[in-house]
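Student: I'd like a close look at one part of this model: the aromatic rings and the empty space around them. Please walk me through it, then fill in the surroundings.

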Amino acid sequence: MPMGKRQALAEYHRGSILAAAERLFSERGTERTTMDDIAREAEYSKATLYVYFESKEEIVGTILLNGLAMLKKKVHQAIASHTGDWYAAYDAVCGAITDFYEENPTAYEAVMGGSLAGTVGAKSDQDIRRVANEFCAELAQFLEEGMSAGTVSASTPPMETVMLFWASASGMIHMADCNTDTLTAQTGKTREEFLRDGFYMILRAITSE
């Protein structure tokens, strides 16, 4: 069913508010950002802000949920587009994660680093946990398919491997973006080369070869 004009306008305003909030959260952090700050950044009155969001907690929860859902979709597409070729799917997953960070750094930090954890409302927290569980379950299934094919080592349970993968990936991307000059000086590699080799190192750690 096509979106009505009123709904489309509401979505536009919500999107503008969320974009403004993301910029401020990235610059100042969630704790130091107020609803007044978000209203000024979005160029809305504070009263208008409360028409679309009940609280800053709801804004935080929406950003985190949207980011997680977007990352989940990108990774799902990466896996689905390489059915039958586990290694190609792994490369596509790593590429999807890297691209997501470049396109949505604030949302990525929230999802991977948990920087917004504990600041969302109960309803948002339930939705976030649900999507996160679905996301991890799909990755675990992807690893199980690799195990069935004899590609992935069965020595570590799939869900534990998922957690180790995310810890490694988030650490690599954080280092590559926060210490680019030092990284290049010490390794002689560009950011892209460092991440490529890092993902390959993770691959060697989880495969049977």
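Tutor: What follows starts with the overall fold, moves to the rings and spaces, and then goes out to a few other spots.

A word on ground rules: this is a predicted model, where local features need pLDDT of at least 70 and side-chain atom pairs count only at pLDDT 80 or more, while totals for chains, interfaces and linings use all residues. Residues are numbered from 1 along each chain as its sequence is written, and side-chain values use heavy atoms, with hydrogens and water left out.

The protein chain has ten helices and zero strands; both are DSSP runs, numbered from the N terminus, with helices being H or I over at least four residues and strands E over at least two. Of the chain's 209 residues, 42% are buried, where buried is under 20% relative accessible area, exposed is over 50% and partly exposed is in between, with a 1.4 Å probe and protein chains only. Take the contacts (heavy atoms within 4.5 Å) with a separation of 6 or more: 64% of them join residues 24 or more positions apart.

Now for the rings. Rings of Phe, Tyr and Trp (its six-membered ring) pair if their centres lie within 6.5 Å; planes under 30 degrees apart are called stacked, over 60 edge-to-face, and the rest tilted. That rule gives seven aromatic pairs. One of them is Phe-135 with Trp-166, a tilted pair at 5.2 Å centre to centre and 45° between the planes. It ties together distant parts of the chain, since Phe-135 sits in helix H7 (residues 122–148) and Trp-166 in helix H8 (residues 158–178), 31 residues apart. Both partners are buried. They also belong to one aromatic cluster, along with Trp-86, Tyr-87, Tyr-90, Phe-142, Phe-165 and Phe-199.

Some of those names come back when you look at the empty space. On a 1 Å grid over the protein atoms alone, a cavity is a set of points where a 1.4 Å probe fits but cannot get out; a pocket is an open set with protein on both sides within 12 Å along at least five of seven lines, and lining residues have an atom within 4 Å of a point. Grid points are joined across faces, edges and corners, and volume is the space filled by probe spheres set on the points. There is one cavity of 30 Å³ or more, and the largest cavity holds about 100 Å³. Its lining is Tyr-90, Val-93, Leu-139, Phe-142, Leu-143, Thr-161, Val-162, Phe-165 and Ile-206. Helix H5 (86–103), H7 and H8 are the elements that give two or more residues to that lining. By class it is eight nonpolar, one polar and no charged, counting Ala, Val, Leu, Ile, Met, Phe, Trp, Tyr, Cys and Pro as nonpolar, Asp, Glu, Lys and Arg as charged, and the others, Gly among them, as polar.

Phe-142 turns up again at the second largest pocket, which has about 230 Å³ of space. Of its 15 lining residues, Ile-79, Ala-80, Thr-83, Phe-142 and Glu-145 are the closest to the centre. H4, H5 and H7 each give two or more residues to this lining, and H7 has the largest share, with five. The mix here is six nonpolar, six polar and three charged.

H7 is worth following further. Val-131, also in H7, counts as buried because its relative accessibility is 6%. Leaving out residues up to four places away in sequence, Val-131 touches Leu-65, Leu-68, Ala-69 and Lys-72. In the loop between H7 and H8 you'll find Ala-154, which is exposed because its relative accessible area is 64%. The C-alpha atoms of Ala-154 and the cavity-lining Ile-206 are 8.6 Å apart, though the two are 52 residues apart along the chain.

As for cysteines, Cys-94 is buried at 5% relative accessibility and Cys-136 is buried at 15%. The whole structure has zero disulfides, meaning pairs of cysteine sulfur atoms within 2.5 Å.
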